[in-house]
Amino acid sequence: MAYTSAPGNNAAYGRIKSAASTLFSDNQSLISEIRKSMIMMKEIAVDMERDNESEMVKELEAGVIQLLEASDQCTHLSTAIQSLSGEYQPGPELTDFGKLFEDEIGRLTAGSSSLPQNHPWLRQFREAIWNVHHPGQPMPGEEQEDIVMTSTQCNLLNVTCPLSGKPVIELADPVRSMDCKHIYEKKVIMRYIRSKNSRSQCPVAGCPKMLRPDRVVCDPLLLIEIDEMRSMNKESTRRDVIEDFTELDEED
């Protein structure tokens with residue numbers, strides 16, 4: 001796919017940016033649907049484990065691994081779209097967008113060290129199955145500290161809004177920067193951006209990214225990831241209660 005970009009062709013440039021925005025939004029929606037499917041599969045697998053349907057559980061786990069691979073591919077595509085959309089400028093030469101996407105996705109794939117077998121979400125899936133018959137106990141070959149660490153991993157870059165101080169899971173209207181991925185309360189961050197005019201740097205300490213109102217949004221994945229974090233917090237609390245009762249029984 002090639003496109004001739006002449007200097008001053010603002011209309012064509014605008015169409016390219018609009019197409020990139022639409023493609024990014026559609027791809028993010030697909031990732032969101034994949035994530036919803038994995039959540040549903042985990043819930044079904046837990047029910048199957050309760051009924052001792054171990055073969056069905058294995059099939060569901062294999063399906064989750066396939067969805068994780070698809071999700072990673074879609075994530076690379078979204079990142080490539082954002083990167084190329086932000087860097088592209090019209091010029092006098094032909095632009096081969098197909099080649100640009102291919103090269104960018106290849107670079108992202110090569111730089112990704114995560115394998116589905118090591119993915120935190122797959123770890124959470126297996127832990128949910130294990131906890132059906134072994135609540136509060138470490139999985140074979142793992143220490144309790146390992147469980148706490150992997151169970152609390154999520155895709156949210158910050159767990160509190162840097163301006164309001166509220167936990168992300170308690171935000172009434174959460175939004176996320178498309179550039180630095182930090183999360184804020186919408187009303188508070190928009191007021192902050194307006195107060196800084198054109199120099200609204202991300203309020204998270206150490207983050208150099210500048211914020212633009214049109215690039216601080218509630219993307220399709222954000223609410224799902226916040227719900228996942230709520231679920232992980234509830235599971236962690238439940239595990240702590242079980243451990244407390246176990247310790248009391250041992251003391252008796």
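Let's start with one residue, L211, and the company it keeps in this predicted model. Leaving aside its neighbours within four places in sequence, L211 is in contact with S177, C180, Y184, I189, I193, S200, Q201, C202, P203 and V216.

**The nonpolar cores**

Several of these names come back in the largest nonpolar core, which has 20 residues. The ones with the most contacts inside this core are L156, Y184, I189, I193, C202, L211 and V216. Two or more residues each come from β4, α6 and α7 (222–251), and α6 gives the largest share, four residues. Another core lies apart from this one; it has 17 residues, among them V46, V57, I65 and L221. As a general background, nonpolar side chains tend to be buried together in soluble globular proteins.

**The chain as a whole**

Now let's step back. How many helices and strands does the protein chain have? There are seven helices and five strands. Read from the N terminus on, the elements follow the order β-α-α-β-α-α-α-β-β-α-β-α. The protein chain has 252 residues, and 37% of them count as buried. Among contacts with a separation of 6 or more, 65% are between residues 24 or more positions apart. The protein chain exposes about 14800 Å², with carbon and sulfur atoms supplying 54% of that area.

**A sheet of three strands**

Next, look for the open sheet formed by three strands in the order β4-β3-β5, with antiparallel pairing. The edges are β4 (183–185) and β5 (216–217); each has a single partner strand, so one side of each is left without a neighbour in the sheet. Between β3 and β4 there are three bridges, in the antiparallel sense. To find one of them, go to V175, whose bridge partner in β4 is Y184. Helix α6 (residues 186–196) lies across β3, β4 and β5, and runs at about 95 degrees to β4.

**Three buried polar residues**

Nonpolar side chains are just part of the story, so to speak. Is R176 buried or exposed? R176 counts as buried because its relative accessibility is 8%, and the cut-off for buried is under 20%. R176 is found in strand β3 (residues 174–177). Its C-alpha atom is separated by 5.3 Å from that of V216, which is 40 residues away along the chain.

S177 also has its place in strand β3, and S177 is buried, with a relative accessible area of 1%. Not counting residues up to four places away in sequence, S177 touches H182, Y184, L211, R215 and V216. That list brings us back to L211, whose own contacts include S177.

N158 sits in the loop between α5 (144–151) and β3. With 9% relative accessibility, N158 counts as buried too. Beyond its neighbours within four places in sequence, N158 is in contact with V168, K181, H182 and I183.

What do the side chains of these residues reach? The table lists polar contacts to look for in the structure.

| Side chain | Partner | Distance |
|---|---|---|
| R176 | side chain of E225 | 2.8 Å |
| S177 | backbone nitrogen of D179 | 3.1 Å |
| N158 | backbone oxygen of T160 | 2.8 Å |
| N158 | backbone nitrogen of I183 | 2.8 Å |

The side chain of N158 therefore appears in two rows, once with T160 and once with I183.

Methods
Residues numbered from 1 in each chain as written. Predicted model: local features only at pLDDT ≥ 70, side-chain atom pairs only at ≥ 80, totals over all residues. Heavy atoms only, no water. Buried < 20%, exposed > 50% of the residue type's maximum accessible area, 1.4 Å probe, protein only. Contact = heavy atoms within 4.5 Å. Areas by Shrake-Rupley, 256 points an atom, 1.4 Å probe, with all protein chains shown as cover. Polar contact = N/O pair within 3.5 Å; in protein donor to acceptor, adjacent residues only side chain to side chain. Pairing = 2+ DSSP bridges. Axes fitted to C-alpha atoms, helices over the stretch in contact; angles between N-to-C directions. Core = buried A, V, L, I, M, F, W, Y, C linked by side-chain atoms within 4.5 Å.
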